Amino acid sequence: MSDAEFEFLPEPAASVPRTVADFLGADGAIARRLPDYERRPQQLQMAQAIERALQGKQHLIAEAGTGVGKSFAYLLPAVLHADTHQGEGPVIVSTRTIALQEQLEHKDLPFLHAVLPFEWSSVTAVGRSHYVCLRRMHLAEREQTLFADPERKDQLRGIVQWSLTTREGTRMDLPAPVQPEVWEEVQAEHGNCLHRACKHYDHCHWQRARRRMATAQVLIVNHSLYMADLALRLAGASLLPDHRVVIFDEAHHLERVATESIGLRLSARMVGWHLRRLHGGRHDRSLLRNHGSSRALLLWEELRQQNDAFFAMLEDRLGGSGEGQAIGDEKLDEPLSQPLLELAQDVVAAATRVEEVDARMELNARGSGLQGLANVVRSLCTPGGHGIPLVRWVEGHKHGPILCGAPLDVRATLREHLFGAGRTCILTSATLGPADDTGFSWFRGQLGIERADTLRVGSPFDYRRVCELVVEEAMPDPTRDAQAFGRAVGERTLQHVLQNGGRALLLCTSWAMVRELAAALHLPLHEAGIELLVQGQLPIAQLLARKRAVPTSVLIGTDSLWEGIDVRGDALTLVVVTKLPFANPSHPLTKARMQAITDDGGDPFLEWSLPEAILKFRQGFGRLIRSQQDRGKVVVMDPRVRTKRYGMRFLASLPFGDEDG
Ligand code: SF4
């Protein structure tokens with residue numbers, strides 16, 4: 001909401017209100033300040049439920065359909081609670097992405113600051129590496145030979161100029177993106193900070209952000225940062241201030257983010273990155289040549305060769321399988337961790353011989369990076385090497401194989417360090433599971449939440465009036481004849497898209513399907529003058545900008561287009577769900593988790609695959625109607641919604657039968 005969208009009216013003389021109803025009700029401060037205020041009972045209902053949960057120190061799971069105005073519904077009670085519970089640490093609000101953090105920071109929080117009749121503070125926090133380190137930046141600037149490439153030199157000069165005026169000092173604040181190698185030379189780093197001994201301390205953006213974080217009443221973070229903090233707390237450290245309340249938006253991502261944060265990944269590029277930061281690569285600078293021993297240079301060369309050999313072995317093991325290869329309990333012979341540790345020792349020893357403080361800091365940081373990397377290698381190659389049991393596998397990637405490890409189960413960790421750690425947690429999203437799972441038992445089971453209040457508020461949109469649902473007739477079953485299904489999807493999708501004059505989003509469940517459908521549509525759409533936008537051609541943000549700029553265009557893609565994208569108006573009046581979005585059951589982590597359910601006497605299809613797929617189906621459906629003005633059609637191509645017993649659960653999950661909607 002920009003300033004232009006609301007009017008600043010004089011404050012009423014009435015006594016200071018302190019409940020969400022006082023602000024969100026028909027005569028509340030928000031209604032009075034918004035000339036086109038639309039009363040949304042669902043929003044008030046949600047805000048009051050959060051207010052009650054915070055007062056009663058009860059976890060709350062709250063699903064709120066599209067258009068409820070979720071962010072105000074949680075921000076308002078968050079601010080009121082923070083105001084009345086000063087000294088208890090910030091109320092933390094965690095969003096799924098930095099983009100959503102920015103939306104709260106630039107749109108919703110300024111409005112609330114303007115409307116609420118008392119002073120309060122809010123801070124948006126991102127990870128340390130997103131901040132510029134002024135000391136490292138000036139060090140890089142002084143090193144005339146750091147980059148031979150003129151483009152990188154220019155980018156470094158641009159960062160120095162920008163640093164004179166930037167308020168936040170974060171990478172997101174840069175006027176134009178810079179190459180990763182350039183940012184790495186100027187970013188703030190763990191273990192590479194002089195703290196109060198730094199001459200830039202008083203102006204340091206990262207230190208300022210830390211101070212503001214420590215005193216903020218409302219702290220906006222993202223799930224990755226929150227879970228990185230949680231992973232650090234397992235080791236007795238922390239990133240974020242202690243707090244008693246956390247609100248998770250898009251909470252259905254928490255389990256995945258927790259799994260990634262507690263898990264490990266290792267690739268040849270990661271090892272190469274650590275090596276390049278010492279010597280070689282695109283930098284002219286070589287810390288090793290300038291400060292290291294001849295033994296260190298030999299170790300570096302050995303590691304470079306062993307890195308290639310180790311990942312070539314993993315590539316062979318993968319044998320072209322895109323699904324990933326489980327490692328099971330096998331111990332992998334690895335030639336990396338020992339020379340990494342020896343090189344780390346050498347680099348740290350070199351640091352003690354260097355008098356110049358900046359070079360000493362760089363060497364120490366590189367040394368501890370190598371030690372950390374050696375630990376990752378050992379944890380991934382040794383069964384039980386990570387402290388908690390990991391499911392380990394190798395998966396293919398366009399840049400080479402990745403060795404991965406993830407906890408089989410994050411529930412115990414989350415229970416101990418989050419839900420049972422004396423905090424009140426509010427978990428919200430537009431979709432938190434199948435609509436017929438009234439107590440959110442699937443969602444609670446995923447995260448290990450034993451007790452929580454629950455709330456489900458429907459969307460204020462009248463779906464029966466604004467949205468047509470078409471389940472395509474007489475389609476081949478994709479599990480019986482995938483080729484015939486693929487052909488039929490191509491033909492029927494083309495008909496719908498042409499009838500609709502483009503303006504479509506086509507949701508696929510695999511990259512192979514994206515390619516097949518794009519190939520089938522490319523020529524006929526070109527002849528009809530309809531632009532086809534295919535995920536992978538451009539970054540998602542650019543694809544969406546193009547979709548909005550050319551409303552008749554058709555966007556086709558997989559996973560990341562099923563949720564979180566917002567295209568309003570006549571640029572999107574048709575959504576085609578090509579296939580029910582069941583997760584790939586052959587992925588090693590999926591297999592291991594399904595096996596664990598079977599071992600416990602459960603049914604992995606009913607308890608895991610189906611609820612996940614229904615949740616994603618609801619999200620895909622939710623791409624169509626984004627505002628009161630939107631109209632359109634959702635076409636489902638997969639015949640299993642009719643022919644399988646479970647199919648009805650997909651259709652029943654849609655908001656047509658919702659009394660509220
Ligand atoms: S205080 Fe630390 S992060 Fe800040 S400029 Fe100095 S060294 Fe860099």
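**Helix 14**

I began with helix 14, where Ala296, Leu299, Trp300, Leu303, Asn307, Phe310, Phe311, Leu314 and Leu318 are buried. The model is a predicted one, and I read every entry below with that in mind. I noted the general rule: an α-helix has 3.6 residues a turn, so residues three or four places apart point the same way.

Next I checked the length of the helix. Helix 14 covers residues 294–318, which is 25 residues. At 1.5 Å a residue it should span 36 Å, and its end C-alpha atoms are 36 Å apart, so the two values agree. I then looked at what comes after the helix. Glycine 319 follows, and its phi is positive, near 55°.

**Cysteines**

How many disulfides does a search of the whole structure find? I got zero. I looked at cysteine 381 to see why. Its closest cysteine sulfur is that of cysteine 404, 12 Å away, which is too far for a bond. The cut-off I needed here is 2.5 Å between the sulfur atoms. Cysteine 381 is buried, at 1% relative accessible area. Cysteine 204 is buried too, with a relative accessible area of 11%.

**Salt bridges**

I counted salt bridges next and the total came to 37. I looked at some of them one by one.

Arginine 152 and glutamate 181 form a salt bridge, at 4.0 Å from N to O. The two are 29 residues apart and link distant parts of the chain. Arginine 152 sits in helix 7 (residues 150–163), and glutamate 181 sits in helix 8 (residues 180–184). Both arginine 152 and glutamate 181 are buried.

The salt bridge of arginine 212 with glutamate 168 has its closest N and O atoms 3.9 Å apart. Arginine 212 is in helix 9 (residues 205–215), while glutamate 168 is in the loop between helix 7 and helix 8. The pair therefore ties together parts that are 44 residues apart in sequence. Are these two partners buried or partly exposed? Arginine 212 counts as partly exposed, at 37% relative accessibility. Glutamate 168 also counts as partly exposed, at 24%.

I moved on to glutamate 472, which forms a salt bridge with arginine 492. Here the closest N and O atoms are 3.0 Å apart. Glutamate 472 lies in the loop between strand 12 (467–471) and helix 20 (482–499), and arginine 492 lies in helix 20. This pair ties together parts that are 20 residues apart in sequence. Glutamate 472 is buried, with a relative accessible area of 10%. Arginine 492 reaches 19% and counts as buried, because the cut-off is under 20%.

Which residues do shared partners join into one network? I found Arg136, Glu189, Arg277, Glu362 and Arg366, joined by salt bridges.

**Domains**

I took the domain assignment of the chain and wrote down its four entries:

- Domain 1 is 1–121 + 216–263 + 403–460.
- Domain 2 is 127–206.
- Domain 3 is 265–385.
- Domain 4 is 463–657.

I then looked at domain 3 against domain 4. Their centres, taken over C-alpha atoms, are 42 Å apart. Four residues of domain 3 are in contact with four residues of domain 4. The area buried between domain 3 and domain 4 is about 260 Å², and carbon and sulfur atoms give 48% of that area. Which residues of domain 3 lose the most area to domain 4? They are Glu323, Gly324 and Ala326, together 97% of what that side buries. I looked for salt bridges between domain 3 and domain 4 and the count is zero.

**Two single residues**

Threonine 413 came first. It lies in helix 17 (residues 411–419). It counts as buried, at 12% relative accessibility. Leaving aside neighbours within four places in sequence, I found threonine 413 in contact with Leu230, Leu234, Ile262 and Leu418.

Then I turned to arginine 503. It is found in the loop between helix 20 and strand 13 (504–507). Arginine 503 is partly exposed, with a relative accessible area of 22%. With neighbours within four places in sequence left aside, arginine 503 is in contact with residues including Lys547, Pro551, Asp570 and Leu574. I also took its distance to arginine 40. The two are 463 residues apart in sequence and 29 Å apart in space, C-alpha to C-alpha.

Methods:
Residues are numbered from 1 along each chain as its sequence is written. This is a predicted model: local features need pLDDT of at least 70, side-chain atom pairs count only at pLDDT 80 or more; totals for chains, interfaces and linings use all residues. Side-chain values use heavy atoms; hydrogens and water are left out. Buried means under 20% relative accessible area, exposed over 50%, partly exposed in between (1.4 Å probe, protein chains only). A salt bridge is a side-chain nitrogen of Lys or Arg within 4 Å of a carboxyl oxygen of Asp or Glu. Helices (H or I, at least four residues) and strands (E, at least two) are DSSP runs, numbered from the N terminus. The expected span of a helix is 1.5 Å times one less than its number of residues. Domain bounds come from an automatic or database domain assignment. Contact means heavy atoms within 4.5 Å. Buried area is the accessible area (1.4 Å probe) that two parts lose on being put together, summed over both.
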